[in-house]
Each structure stands twice: as C-alpha cells, then as structure tokens.
Amino acid sequence: MFGKTALYAKDFDWFIVLLALAIALIGVVEIHSATQYDRAENFYLKQIYRILIGLFLMVVVMSIDYHALAENVPYLYAASVVALVAVLLFGRSVSGSKSWISVGFFELQPSELVKVVVVIALARFLCEIRSEHLATADILKASAIAGLPILLVMLQPDLGSAMTFVPILIVGLFLGGLRPTWIVGAGILAVLAAGAGWYNLKAYQKERIYTFLEPERDPRGHGYHSIQSKIAVGSGGFWGKGIGEGSQTRLGFLPERHTDFIFSVVGEELGFAGAVTVLLLYLLIIWRAIQIAQTARDKLGIYLTMGAVSVLLFHILENVGMVVGIMPITGIPLPLLSYGGSSVMATFMLLGLIINVRMRRYVN
Amino acid sequence: MALKDFYEDKRYVQSRIAIIRVAAILVFLFLLAGLWNLQVLQGGYYKELAEKNQIRSITLVAPRGKILDRNGQIIVDNRPSFTLSLMREHLASLESSTALLASGLNLEEDFLKSQVEKHRRQPSYLPIVIKEDLTPADLAFIESHRLEFPGLDVIRQPRRFYREGQLAAHLLGYLGEVSEKQLETEEFRYCKPGDFVGKAGVERVYNRTLTGVDGQKRVIVDSRGREVAVLDTVEPTPGNDLRLTIDLDIQRAAENGFGEKGGAAVSLDPRSGEILSLVSRPAFDPNSFSSRISKKEWVDLINDPRKPMQNRAIQSRFPPGSVFKIIMTIAGLQEGILKPGYADYCSGSTVLYGRSFACHKKGGHGTVDLHKAIVNSCNVFFYRLGQKMGIEKIAYWAHNMGLGQKTGVDLLGEDTGIMPSPEWKKRVLKADWYAGETISVAIGQGYVSLTLIQTARAFGGFGTGGIFKTPHVVSVEELKRWGLTPDFSTEKQFTLDEQTFQIVSRGLWGVVNEWGTGRRAAVPGFDVGGKTGTAQVVGREAQKAAVGDKKAEYEDNAWFVGYAPIHSAQIAAAVFVEHGGHGGESAAPIIHDMFQVYYDKNNKPGGPPMQISMK
C-alpha cells in the first residue's frame with residue numbers, strides 16, 4: 001500500500017498545504033502574542049508540536065487510499081462511538097461540559113476527531129446511492145449516521161460542537177439530491193425544532209442567545225466575551241496595532257484569547273488588512289478543495305472532499321462570526337489558528353482526506 | 001476494493017457542487033462585511049472603548065493641613081496608612097482561602113466573609129476593603145503570600161493622626177465620611193461619596209482651609225485592574241496648615257488637672273478673645289474616627305451615659321452657683337445700689353417673701369461688707385442685694401457681659417446658656433416671674449445656667465475693664481492668611497466704673513489670696529483673682545443619705561472662674577468639675593495649673609510683676 005504512495009507523490013497538493021501552514025504560522029505568532037505575559041506555559045511551542053503531529057497525521061491519512069478508508073469506516077465509526085461514550089463516563093469537565101478525555105500524555109477532545117470519521121462514514125453511505133434524488137429511507141439512514149455522534153456530543157453537553165456535525169449531513173444530503181418537497185419540509189421542521197428546542201435549552205444556553213442579540217444587557221457576565229471581542233477587533237482598525245501590541249490582548253481583557261477567540265487577536269493586532277488576508281487564505285483552501293471535489297475520480301471522493309469543506313466552512317463561519325459579533329458565542333475553535341491539539345489534528349486530517357482524493361483523481 | 005472502479009454516474013452530484021461554492025463565497029462575504037463594519041466603519045468608536053478599558057484614574061488623596069498650637073507645636077498630623085483591598089474579579093479566588101487570609105491578618109474568618117459580602121452589593125468600581133490601617137506584620141504577611149492571593153492590593157493613604165489622643169478632642173473634632181445630605185450642600189459640593197471631611201470641632205469649622213485638592217494618577221491597568229504603567233500624574237495639593245490660638249502646654253496642664261473627673265475648662269486671653277485652652281471631659285479619641293468607624297463603636301460612644309461626645313465647654317450649661325455673685329456685685333455697683341462702705345448683717349439665714357433662705361455658714365457671717373461678702377461668699381448678703389435690685393437689673397448687667405447669649409466662638413453647637421428675666425420666662429415658660437425667683441438667681445441658682453465659655457469671657461471682659469471680645473480658636477492674622485474674614489460681631493463693651501473695677505477685682509484677689517475659698521488657685525508672683533462656685537446636684541438631705549456609688553454621683557458640681565493679673569487681665573478662665581465637691585478644692589487647682597504655665601511662659605523673663613498691696 002505504501003509502495004503505491006510514491007506514485008502519487010507528484011500529485012501531492014503543495015498549494016493547499018502551504019496555505020494551511022501559512023495560517024498555522026500566523027496562529028503560532030498570535031498565540032505567542034496573546035500569551036506572552038503568561039509565563040506558566042509556552043503555548044506557542046506546544047502549538048508548533050501539535051502542528052507537526054497534525055502534519056504527520058495528514059500524511060498518514062493521505063497515504064491510505066481513501067477507498068480503503070471508506071471500506072474500513074465501520075470500525076472507525078464504532079471506535080468513535082466508544083470514545084464518545086467513554087468521554088461521557090470518564091471525561092473531564094471544562095466549563096460545564098464533559099468533552100475532554102486524557103489519553104496518556106495529553107488531553108483529547110474526541111468530538112473533533114470523530115468529525116473526520118463522520119465525514120468518511122457519510123461519504124461511504126451516500127456514494128453508493130445511484131438515484132438522482134435521495135429516497136426518504138436514505139435520508140433517515142444518513143441522518144442516523146450523523147445523529148448518533150451528535151446526540152452523544154449533545155449529552156456532554158456541548159451544543160456548539162454538536163452543531164458542527166450538522167453541516168456534514170446537510171451538505172452530504174444536498175449533494176446526494178434533495179427533492180424540493182424535502183427542502184421545504186426540512187425548512188418547516190427546522191422552525192418547529194427551533195421552537196421546541198428553545199424550551200429544552202439550558203439556562204446558560206438561552207442566556208448566550210439573549211446576549212448574542214444584545215451583549216450590553218450583561219456586560220460583565222455573559223455579554224463580556226462578545227463586547228470585549230468586538231472592542232478588540234474594532235479597535236484594531238484598518239492596519240491593526242501591531243503584533244504584540246494589542247492592549248485588549250496584552251492586558252487580559254479578552255478571555256480565551258489564544259483558543260476560541262484567537263481571531264480577535266488577529267483582528268486587533270493585524271487589523272482589517274490582516275484579518276481579510278487570513279480569510280482569503282481560508283477561502284483559497286476552500287476554493288481549492290471544491291476544485292478537487294469537482295475533479296474527483298468518483299462520488300466517494302466528492303463526498304469526502306465536500307464533507308471536509310463543510311466542516312471547515314462552518315467552523316470559519318461560526319468562529320469568525322462570533323468574534324465580530326454577528327454569530328452567537330459557542331465554544332468552537334477556528335481551524336489551524338486556535339490553540340488546541342484536537343482541533344489542529346482534526347483539521348490536518350481533513351486536509352489529508354482532501355489531498356488523498358486529489359492524489360488519486362486519475363482512474364488509471 | 002469493492003468501492004473502487006464500479007460504474008457510477010457522478011453528474012448529479014458534481015452539478016450541485018457549484019451551489020456549495022456560491023454558499024462558501026456568501027459565507028466569506030458575510031464575514032468580510034462584519035469585519036468591515038467593526039474595524040473600518042466603527043473602528044474609532046471601538047478604539048475609544050479599548051482606551052477606556054485600560055485607563056483608570058486613581059485618586060491621590062491630598063493630606064489635610066496640620067493643626068498647630070499657637071507656638072507651632074503640631075497637634076494634628078497625618079501618617080501613612082495602608083489599606084488592603086481586593087479586586088472584585090478575584091472574589092472567587094479568595095473564597096477558597098479565607099481561612100488562611102483571616103489568620104494571617106488576625107481577623108475573624110466570619111468578619112472577613114461579612115466584609116466581602118457587604119461589598120458585593122456596592123458599585124463595581126469600588127474595591128472591596130478587607131482591612132484598614134495594616135500593621136507592619138500584616139504588610140509582611142501580604143508580601144510573602146502575594147501568589148496565593150493574586151487580587152489583593154495595598155493602597156497607601158494619608159490618615160489623620162491626633163498626636164495627643166484624647167487631648168483637646170472636642171476642640172479639634174474628628175473626621176468622618178461625608179454624608180449624603182452634606183453632599184447636597186454648597187459647602188461639600190467639592191466632595192465625592194466616600195471622602196473624609198471634618199465632622200466636628202476645628203476640623204469641621206475650618207474644613208475647607210484644612211482640605212487640600214486631591215490629585216489624580218492615570219494608569220494603564222490590565223483586566224484584573226493591576227497597574228501596568230503610569231500615564232500621567234497630577235500631584236495632590238496638601239491642605240493648609242492651621243495654627244490655633246491654643247497653647248498646648250496650658251491645654252495639657254488643664255487636662256491633667258481633671259484626672260478621672262468629668263467637666264470642662266476654658267481659658268482665653270481677654271484682650272483678644274484668643275482661646276488658650278478648651279477642655280471637655282470625659283473625651284474620646286478622635287483617631288478612632290480616622291478610619292471607617294464601626295456602627296457599634298459609634299453607638300457605644302453616643303449611648304455612653306457619661307456623654308463623651310458632648311463638648312461641655314460650649315455645648316453644656318450649668319448653674320453657676322456663687323460664681324454669679326460677682327455678676328451681682330458688678331450690677332449692684334454699676335446701678336449705685338452698692339457703695340463703698342455698704343454692709344449687711346448675716347445671721348445664717350433670712351426671710352424673704354415669706355420664705356426662709358439659708359446661708360451656707362450656719363452661724364452666719366455677722367457683719368458683712370462688700371469685700372467680705374465676696375471673699376466669704378455670703379449668701380444672705382446677696383439674697384438681700386437681689387431683692388433690692390430686682391431681676392430686670394440683674395439680667396440687664398448680665399446680658400451686658402454676654403451671659404445667656406452665644407459668645408460667637410468659631411466652634412459649632414454653642415449653647416446660649418440661660419440668663420433669666422421676666423421677659424425670658426414669659427417667652428419660654430409662658431409664665432409670670434415671681435419675685436422669690438430672683439432670690440435664687442442672686443446666688444446663681446434657679447433658672448440661671450451658664451456655659452463655661454461665656455463665663456470665662458465675662459470675667460475676662462471685666463478684667464480688661466469692660467471689653468468683651470468674641471472668643472475664637474484661630475487668630476485674626478491666621479484667618480486673614482487663609483483668606484477668611486473673622487466674625488467678631490458679638491463683641492460687647494460698656495464703661496465699667498473705676499470704683500466697680502477696684503472693689504470687685506480686689507474682692508476676687510481676696511478669694512484667692514486672703515485665705516478665702518479659692519486660695520488653691522494662687523500663683524506666686526501672679527495676681528490671680530477668682531470666684532468659686534458650688535452647684536448642688538441633689539438636695540442636702542439626699543446627699544447625706546447617699547452611700548457607695550451614689551455618694552460620688554450626688555457630690556456637688558464645682559466651679560472656679562478667675563483671671564490674672566487682677567489689675568489688667570491677660571488670661572481668664574472658667575473651670576467646671578462634675579461632682580467636684582467644693583469649687584475651691586477641685587476646680588481652683590486647675591485654674592492654678594493653667595495660670596502657672598501661662599505665667600511661666602509670659603512673665604518670667606521680664607521679672608515678677610508688681611505686687612498690689614490690698615491692705
């Protein structure tokens with residue numbers, strides 16, 4: 001199997017990897033800037049190790065023919081479910097959610113890695129359907145495949161992370177072919193679910209939605225993150241305050257500044273120019289990935305690539321949106337930029353999937 | 001590989017990718033718009049907010065001006081003090097370690113918790129005060145446990161320091177947090193809530209002069225409120241030092257003279273009205289008000305049956321007893337009822353208006369001339385004088401000497417005292433004057449009730465020949481130095497007949513120097529004149545029957561009022577000792593102590609003043 005890898009090496013996608021490394025590098029610089037006065041830990045160094053581990057995992061993922069991955073996905077899926085249950089049983093609680101588990105020398109957030117498995121599982125399921133539109137049974141089966149991990153993550157409870165699984169399903173179903181009646185039906189269902197869901201939300205979740213709509217109602221409590229993040233980004237202006245010069249960051253007004261709110265640091269220190277540059281790098285990755293999907297050898301390749309695209313796109317939308325105050329606050333990281341091993345590793349594995357598909361785009 | 005290489009139609013799927021591409025572009029445009037709005041359109045607004053976030057103004061409390069005595073000795077000063085406060089954001093971190101902190105600071109853990117609880121509801125810009133006035137041991141403890149308590153902050157502030165403790169407490173006054181009511185007045189408009197202002201005494205009356213202008217330090221702080229850098233500093237301007245007319249040595253002599261007894265004493269220079277000492281006992285320690293005094297401490301002080309907060313020298317009035325006989329004599333001479341050579345006979349009692357009035361000497365004084373009447377304080381003599389003169393004339397002359405009126409001293413809460421007259425009784429008691437009431441007034445009993453300060457001023461005014469100055473604790477020069485206008489509108493003057501002056505002053509001299517009742521006030525070389533007074537607290541029968549604690553409580557109140565030298569007064573004083581027994585025994589020595597200090601200071605270098613021969 002590895003012997004074949006050499007054949008594909010010339011098709012290795014340097015472009016996408018260089019884009020990813022550029023973003024990761026900006027991340028390392030800003031993590032350093034955000035934590036320069038925190039002598040307890042060298043966050044930026046740790047992030048570099050994680051990027052190296054991520055690159056290694058990427059190479060592993062792209063080396064195994066994606067058909068083989070899809071073939072063996074039942075085992076991966078089963079392992080994922082076990083991991084998520086294990087988190088519920090033995091996990092460590094961080095700000096009210098049990099989403100971390102200790103794996104020997106470092107801590108993992110399994111839900112991040114499970115996303116990769118769900119992408120493969122859904123791709124495997126959907127690619128075997130040959131009709132123009134999906135049958136109701138197919139939709140329900142696909143929903144079940146995504147639904148089980150979503151349910152387990154919601155039980156942690158980590159609604160934000162659970163949400164990130166949904167785009168994989170939606171994009172997959174959309175590509176698989178939804179009848180107009182289904183789209184309308186889903187729309188109505190979504191509205192009803194939102195209404196019913198409101199009553200089942202925990203108090204802090206409701207509060208987050210309230211404060212998203214009006215952060216000033218609780219400037220020291222739940223609105224604090226949103227207000228401080230907007231101040232950080234807004235005060236960056238067009239050119240930014242310079243690396244290491246962000247007062248919001250340096251003086252500690254920004255909470256979770258090196259993890260979920262790393263993009264506020266980018267906005268404050270690098271300004272509109274820097275923030276748009278980073279967004280552009282992301283857009284190029286997405287663009288390139290969609291191109292790879294279009295030239296993929298088979299439907300499996302398309303679903304895999306587009307699944308990965310959907311995960312990345314949703315993370316970017318939600319995280320950057322929350323930082324600039326146009327999306328509600330949830331605790332999900334920004335791929336490649338945020339400090340955090342699981343997220344970095346999962347992202348590189350998704351990139352590995354995309355490159356995998358590109359390397360094997362020729363039928364012969 | 002089953003999944004590979006089977007025929008499949010991927011056209012449908014492929015065609016739908018383009019729609020996802022459009023969605024992706026929309027996502028990026030959406031985010032771009034958000035960034036543009038925040039960073040470019042509203043960038044200025046958020047820059048301002050970021051600045052506000054990190055710049056904090058810290059008030060640098062201006063030290064109050066020192067209070068000095070007339071010779072420049074410091075009575076009230078400031079000393080550095082340290083307050084431990086907690087940053088609000090660190091409440092949680094403290095909660096787990098209250099026990100350690102409490103034991104380190106020698107505080108009850110419950111107290112610490114209640115302190116935190118109390119402050120929890122206050123506005124968030126106020127730090128939580130954990131402990132005020134830290135001891136060096138506290139400071140060492142905090143310094144060595146910095147890491148365990150990250151939110152603790154030690155603030156250095158000047159604190160009022162009354163060097164002499166209780167000495168002159170009522171005169172000096174004390175500080176307290178400005179009240180909400182005061183904040184609404186023009187006088188305290190300059191204050192912020194929480195500021196300390198003068199609440200009583202000199203601290204209150206001269207609050208503006210003593211108050212400086214607070215400075216301000218603008219600092220960059222981090223999210224925990226920790227100071228990272230200083231932007232700029234406006235240094236505070238200290239308040240003006242205020243020099244009083246008080247002589248600390250005379251004050252000390254008077255205070256010491258009281259021992260454990262309650263009472264009051266005022267001494268002043270009658271030529272200018274400058275107060276040299278002003279004592280009220282029991283006193284309080286104004287230092288205990290320099291920090292936020294606890295409610296309990298305050299209630300204890302207010303409810304103390306001995307009333308330590310009352311300034312007995314100006315806020316209390318007492319029946320003057322025999323002291324008033326001097327006023328009677330002056331009035332009688334001025335009215336021409338008394339003449340040199342006038343004499344009366346004392347058999348030990350006299351019957352007036354159908355009632356018997358007794359003299360304090362059972363067997364009677366025999367033939368009593370004017371001088372003997374004063375020196376021996378014969379009641380019968382003055383009963384009959386009172387009857388002859390009538391209340392209107394007594395009141396007229398007493399008023400002329402400022403009795404029953406405020407002296408206008410530059411301290412708050414002065415009592416008027418009572419110098420009764422038919423008009424007064426009608427106005428206040430809505431009743432007619434009985435002639436018999438005049439007889440009690442004649443020996444300083446009945447309705448007549450005087451303050452120490454007005455009595456000292458009356459005697460001093462007499463001693464200067466009839467000029468009654470407005471007493472004050474800050475000299476005219478000092479007032480002008482700080483741009484204040486003296487208010488001496490209560491100054492009075494009348495022409496005292498030479499004969500009146502000679503007879504009365506010699507009588508007063510006799511009381512002190514001729515084995516009279518006031519000989520313990522004598523200062524060798526200094527012609528002290530004065531008059532004792534004794535005012536009963538209860539009737540003689542009850543007094544005799546009393547045992548134990550009651551015995552001391554029923555003891556008479558003692559007065560001594562005098563001035564020196566008698567031919568031209570330089571210092572006049574009134575002393576009142578609660579339950580002091582006879583004025584000659586307890587009050588006269590205090591006059592002696594004050595006058596001795598004054599004499600040693602002012603007359604020694606020039607040699608002894610001329611002795612007047614009275615015989």
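Two residues are in contact if their C-beta atoms, placed from the backbone, lie within 7 Å. The model is predicted.

**Exercise 1. Find which residues Val266(B) is in contact with, leaving aside its neighbours within four places in sequence.**

Solution.
- Step 1. Set aside the neighbours within four places of Val266(B).
- Step 2. Apply the 7 Å cut-off between C-beta atoms.
- Step 3. Read off the partners: Ile275(B), Leu278(B), Ala313(B), Leu452(B), Ile453(B), Ala456(B), Ala573(B) and Ala574(B).

**Exercise 2. Work out how strands β11 and β12 of chain B are joined.**

Solution.
- Step 1. Locate strand β11 of chain B at residues 263-269. Strand β12 of chain B covers residues 274-281.
- Step 2. Count the bridges: 7 join the two strands, which run antiparallel. One facing pair is Ala264(B) and Ser280(B).
- Step 3. Inspect the link. The strands form a hairpin with 4 residues between them. Gly273(B), in the turn, has a positive phi of about 90 degrees.
- Step 4. Check burial. In β12(B), 8 of the 8 residues are buried, so this strand is largely enclosed by the rest of the structure.

**Exercise 3. Place the largest nonpolar core relative to the domains of chain B.**

Solution.
- Step 1. Take the core's 118 residues. Those with the most contacts inside it are Ala265(B), Val266(B) and Val575(B).
- Step 2. Find the largest share: helix α25 of chain B, residues 588-602, gives 8 residues.
- Step 3. Compare domains. Domain 1 (57-243) and domain 2 (248-285 + 309-602) of chain B both contribute, so the core lies between them.
- Step 4. Keep the second core separate. Its 117 residues include Ile285(A), Leu317(A), Leu353(A) and Ile355(A).

Conventions: Residues are numbered from 1 along each chain as its sequence is written. Chains are lettered from A and ligands numbered from 1 in the order in which they are written. This is a predicted model: local features need pLDDT of at least 70, side-chain atom pairs count only at pLDDT 80 or more; totals for chains, interfaces and linings use all residues. A residue is buried if 20 or more other C-beta atoms lie within 10 Å of its own, exposed if 12 or fewer, and partly exposed in between; C-beta atoms are placed from the backbone. Two strands pair if DSSP finds at least two bridges between them. A nonpolar core is a set of buried Ala, Val, Leu, Ile, Met, Phe, Trp, Tyr and Cys residues joined through C-beta atoms within 7 Å. Domain bounds come from an automatic or database domain assignment.
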